[in-house]
Amino acid sequence: MGALPEISKDELTRHIALVIKGMTELRHDGRFHEPNLDGTAGDYVSFNSWEWPQGVGLYGIARLWQHTGDEEAKKLLDNWYQAQLSSGLPPLNVNTTAPMLALSILWSETGDPRWESTLASWAEQLMTEMPRTHCGGFQHNVSDKINDDELWDDTLFMVALFLANYGRAADRPELSEEACLQFLVHTHYLSERETGLWFHGWTFDGHHNFARARWARGNSWISAGLLDFLETADLTPSLERYFAWVLRAQMEALIDYQCSSGAWRTLVDDETSYEEISATAAFGYAFLKGARLGYGDERWERAGRLALQAVIDNIKEDGTVANVSYGTRMGHTLQFYRDIPIHPTAYGQSMSLLCLVEALQH
């Protein structure tokens, strides 16, 4: 793949500011019409909407604040959550849980009492009311669809990371234990033994992995999510060794599929599918962080730096991140994934932000 690109701290800082600007200025343009189950309009683009893309976006901002002490990032989080709580929160499901992760970080770092009751109530609802599949896995219900008897890899990033982080901060070990159970169950049904890569989903209705899609963004939820879970959760030594192995198996397989541009394709192992930047950014974050924490070697560092360059190459001057695939439901054919349209999203911005912030530490 040639020489590694040289990227300065000033360049990283400039692109971080651009990505945050692009994220906060995102607005739904009416291209996609996805009404919620209760008949209200679904907005998976605008920054001021409480949904999973925005939740992932807020996580990127929270990580920026944690690692750099950026007070503007903290102010952005404060203002967003205050406005949302004042107007009322949507019903609980997998995807509407995503914004709770950044809120748990904000509370754990500041102890601000404004956030405590909301976090505690949401966590209690998850534990007592969230529908489950066989084996106790969280059923992947979302705002506009009930996915009976289905496990999706997205669930770990949207729900389990919140339970692990909040459980640790609130000294509630039962929440951390639940997060661990979810990672174990999903690993059992979604991780492919032969390759280490992950399938998008599993259904107990027929017992299969749908299209057996090795979907890039789904895999990136896992690589980034596993690293953050290993960093956050209080795991026993045996569980830490196990999840570290699951991570390494996946990451070692991913290296072989990185394109010459530094990106990965939206179907990791399918050369006919397009290169996709949200997954590339999360993989870049995971390779860089995994190398820094000692889970991988210099090959991981190299893969991460090449991915970082691919991300930077796709950041426009208005701050939007290009070549990000739109929200992706469960596909029953591989062609379904090839046909997902490209559209700027908060998670594309956030995953790019995570990658850029991690690069600051290198």
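1. In this predicted model, the side chains of histidine 200 and tyrosine 337 are joined by a polar contact of 2.8 Å. Histidine 200 itself sits in the loop that runs between helix 7 (173-190) and strand 2 (201-203).

2. Is histidine 200 buried or exposed? Its relative accessible area is 2%, and because buried means under 20%, histidine 200 counts as buried. Leaving aside residues up to four places away in sequence, the residues that histidine 200 touches include Leu151, Trp152, Asp153, Asp154, Leu190, Trp215 and Arg329, and Tyr337 is also among them.

3. Helix 5 (residues 116-129) has 14 residues, which at 1.5 Å a residue should span 20 Å, and its end C-alpha atoms are indeed 20 Å apart, so the two values agree. The buried residues of this helix are Thr118, Leu119, Trp122, Ala123 and Leu126. Seen down the axis of helix 5, its buried residues fall within an arc of 125 degrees, and therefore they line one face of the helix.

4. On the other side of helix 5, the residues Ser117, Thr128 and Glu129 are exposed. The buried residues of helix 5, by contrast, are covered by elements that include helix 3 (71-87), helix 4 (99-110), helix 6 (154-169) and helix 7.

5. For helix 1 (residues 9-24), the 16 residues should span 22 Å at 1.5 Å a residue, and the end C-alpha atoms are 23 Å apart, which agrees. Its buried residues are Leu12, His15, Ile16, Leu18, Val19, Ile20, Gly22 and Met23, and what covers these buried residues of helix 1 includes helix 2 (52-68), helix 3, helix 11 (298-313) and helix 13 (346-360).

Terms used. Residues numbered from 1 in each chain as written. Predicted model: local features only at pLDDT ≥ 70, side-chain atom pairs only at ≥ 80, totals over all residues. Heavy atoms only, no water. Helix = DSSP H or I, 4+ residues; strand = E, 2+ residues; numbered from the N terminus. Buried < 20%, exposed > 50% of the residue type's maximum accessible area, 1.4 Å probe, protein only. Polar contact = N/O pair within 3.5 Å; in protein donor to acceptor, adjacent residues only side chain to side chain. Contact = heavy atoms within 4.5 Å. Expected span 1.5 Å × (residues − 1). Arc of directions from axis to C-beta.
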